[in-house]
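This report looks at the overall build of one chain and then turns to a single hairpin within it. The sequence and the model are shown here.

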Amino acid sequence: MINHGLTDLLLQLRRNRPFMEQVVAWERLPSRGAVASAIPDFVDGRIAAALAQQGITELYTHQLAALTAVSDHHNVIIATATASGKSLCYNIPVLQRLLWQPRARALYLFPTKALTHDQLAETTALVNNGRLPIPIHSYDGDTPRSQRSKVRRDGGILLTNPDMLHAGILPYHTSWRDLFQNLEFIVLDEIHTYRGVFGSHVANVLRRLRRLCRFYGSDPQFICCSATIANPQEHAQRLVERPFTLIDESQNGAPRGEKQFILYNPPIIDPELGLRGSSVLAAKDAALTFLSNDIQTIVFARARQTVELLLTYLQDELRYQQGEETAVAGYRGGYLPLERREIEQGLRQGFVRGVVATNALELGIDIGQLDVAVLTGYPGSIASTWQQAGRAGRRNAQSLALLVANNSPLDQYICNHPRYLFGRSPEHALTNPDNLRIMVKHLLCAAYELPLRPDEPFAGDQPLGPLLDLLTEEGALHQTRQQYHWLGENAPANVVSLRTSGGETVLIHAIDQTPPEVIGEVDLESAPFMLHEGAIYMHQARSFLVERLDWNGRLAQVRAVDVDYYTRANVGTRIRALQPEAESSEAGVQRAYGDVTLVTQATSYRKIKRYSHETLGFGEIDLPEMTLETSGYWLIFSEVLTEQLYQQGILLRPNDYGPNWQQQRQKALRRDGHCCRTCGANGDEITLHVHHLRPFREYGYVKGENEHYLEANQLDNLVTLCPACHRRAEAGQQTRSALGGLAYVLGNLAPLYLMCDPEDIQVMAESRSPLTQAPTLVIYERIAAGVGFSQRLFELHDELLQAALELIADCQCRSGCPACVGPPGDIGPDTKAVTRRLVRMLLGGG
């Protein structure tokens, strides 16, 4: 099917010279016809009739392959592209089994409540079309208590999420006896989201689920679905610990409309600094072009504030053009469930013509037939890029994906090397169910559900006896004969979170409405920089002034205002303490793992004018510090090694700013009123820093040989910054060194060895740490207390460094790229070479 409006517009863009001058790649992905066959005879006629009512009289090849594999009693993983009809791969066999065995049950698990409700509507529609006698219910935190007993009694299909299964169903399995006794199918959708720490938790929840099934006498089949990742079969088998039959993209018979993919790099606006135009404004202009021509469009942005800014800009422009309310909405975390459902329905029915969203709409929520996807910046992974691009052209019509690059080095690298995006396979999904700290938490949950035996197969062939004895010695379990019992009074699942965030939220209360009502919510970690007093909270392009934040009560009171600015908080994170649990010194480096204390605090905020993005003013934030007590692995360089690295040019020696430095520094502080020029934070001579706009090193000062310090330290080259803004200003200089290159390499390698998600860890490199007074590299876990990654990195030290050396040596790039020591722009021209020399020295090779 050809979309003539889009086709004509693409032709106009081809002829638009200024636009084409900024296009660095324009790929055409050809259309593909459907490969389908009649619905086979073994499908129950009632199901076939229900499908016919939805206009489905044939099944695609991958759907038929999945049905055949399921009927042969295989566990199946379907990993085909977006909008290929994966839900029928599980709905048809599940409904068929439940029709033939009326007491049979099925359990559907989705990673989010939004997706659960979306699939509830889709499955219910199919059942209602065929008037099939199969009850369908969702069960999550929003299910009214008055209906919960009915859900447990009714049978049929139960839809929920891993969090509710973990804390609301498994600990109370006696109330769900009918479910566990008759469970025929377990469906896991979007399993590519079950990776890293979250995926490791989910894998252990599935271990507990299968354990209860064995106790009640059932042995359910698994049907899994995934977006395109590099290892779908391996990932499913790792999650479920059973063999799987793979149905992949090579078997996909769904039609695909032609897709155009444009990579657009905004024009340079500052040739001296190489700065390009705003990706946000460029994405706005692009989306406006399509929306003005009534082409349904989705715009993706990485941050919630960017979503609201883009939405505001689009609504302003469209209202100016059309003189009426516009059919463009926002979609992100923090909107209330009913609000999100209305937006989804509006997109499906077509009266919402545009949506600006975070990656919350990456998952397979049905939002209908969109024509264009505009990506504001590289989403961070190849898999996410294709997920977002796939939200346009979800049926078989022509579609467009337009990626607007930002100024970041990674985005610019992709613009200079488009094959990095178009030629690489998506990333692997990694998980480690046998992580000891995670598994122990679920062993305790399992002991609460049923007493544990030392010989039962909870974790494959891994013997449980020694671990259960240790937990007994610690007082968590009690042994009686050949069983181990939970000793606590309450279900341990109540205090075990599957996700890395704490789960606490702050409600947003609009006090100027009658009656006052809750308009949204924000996770507690984001509240200090989104809901501080004086902040402008943006919601569906409306601006609300935060008048009061009740931190202890977790409530923000806001009032609608008409302003032409938004606010951005200045947030700094620093390491307060490193407490080693074990350490070792070799090759001039002290390596250790242990407790890490991180402190994050919002200290001030800026008022920023819309469109021009100029700073209008500053304000202070008075909120408590957010402290993360976690685990980390770190390297501290000795004085002797550091001096060697300085002499060999591998690390940059700290600057001697010359004899007039203290005098010039005081002048800069007085001129700036002892305030940070970036965020407005107040301070004193000790807490504030003075920064060289043009790096001091570039002036070539040599003590005793010249007086170049005089020019470098002129007042117009100095600016007062708070520590957080100073760290950001010098972040590029940190990564231009071998230490930054090593940090980048280890940040990419560590997840592969830990079988975790890159988001589970964070790497921090400082050429001179205020804490250790030496070059320091820290890899810390982003979850409270950690899950044992740090100890494993300590044990893998030599292996990691050897892998880093091989990765740098084997990379075909000349001076660095995102696949080794970092993208050009983030690193200096010799960073690859000096990082390689540094790793050799750390391995003792000199």
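## Burial and surface

In this predicted model, 54% of the 846 residues of the chain count as buried. The accessible surface of the chain comes to about 36500 Å², and carbon and sulfur atoms account for 48% of that area.

The chain carries 80 positive and 93 negative charges, and the mean positions of these two sets lie 2 Å apart.

## Overall fold and dimensions

Along the chain there are 29 helices and 33 strands. The radius of gyration is 29 Å, close to the 28 Å that the globule rule gives for 846 residues, so the chain is as compact as a globular protein of that length. Taken along the principal axes, the C-alpha atoms fill a box of roughly 90 × 75 × 60 Å.

Of the contacts between residues at least 6 apart in sequence, 72% join residues that are at least 24 apart.

## The hairpin of β23 and β24

Strand β23, which covers residues 536–539, pairs with strand β24, residues 542–550, in the antiparallel sense over 4 bridges. His539 of β23 has Arg542 in β24 as its bridge partner, and the hairpin leaves 2 residues between the strands, with Gln540 taking a positive phi near 50°.

In a regular strand the side chains alternate between the two faces of the sheet. In β23, Ile536 and Met538 point one way while Tyr537 and His539 point the other way, and all of these residues are buried.

Notes:
Residues numbered from 1 in each chain as written. Predicted model: local features only at pLDDT ≥ 70, side-chain atom pairs only at ≥ 80, totals over all residues. Heavy atoms only, no water. Buried < 20%, exposed > 50% of the residue type's maximum accessible area, 1.4 Å probe, protein only. Pairing = 2+ DSSP bridges. Rg over C-alpha atoms; globule rule 2.2 N^0.38 Å. Contact = heavy atoms within 4.5 Å. Areas by Shrake-Rupley, 256 points an atom, 1.4 Å probe, with all protein chains shown as cover. Lys, Arg positive; Asp, Glu negative; His and termini not counted. Charge placed at Lys NZ, Arg CZ, Asp CG, Glu CD.
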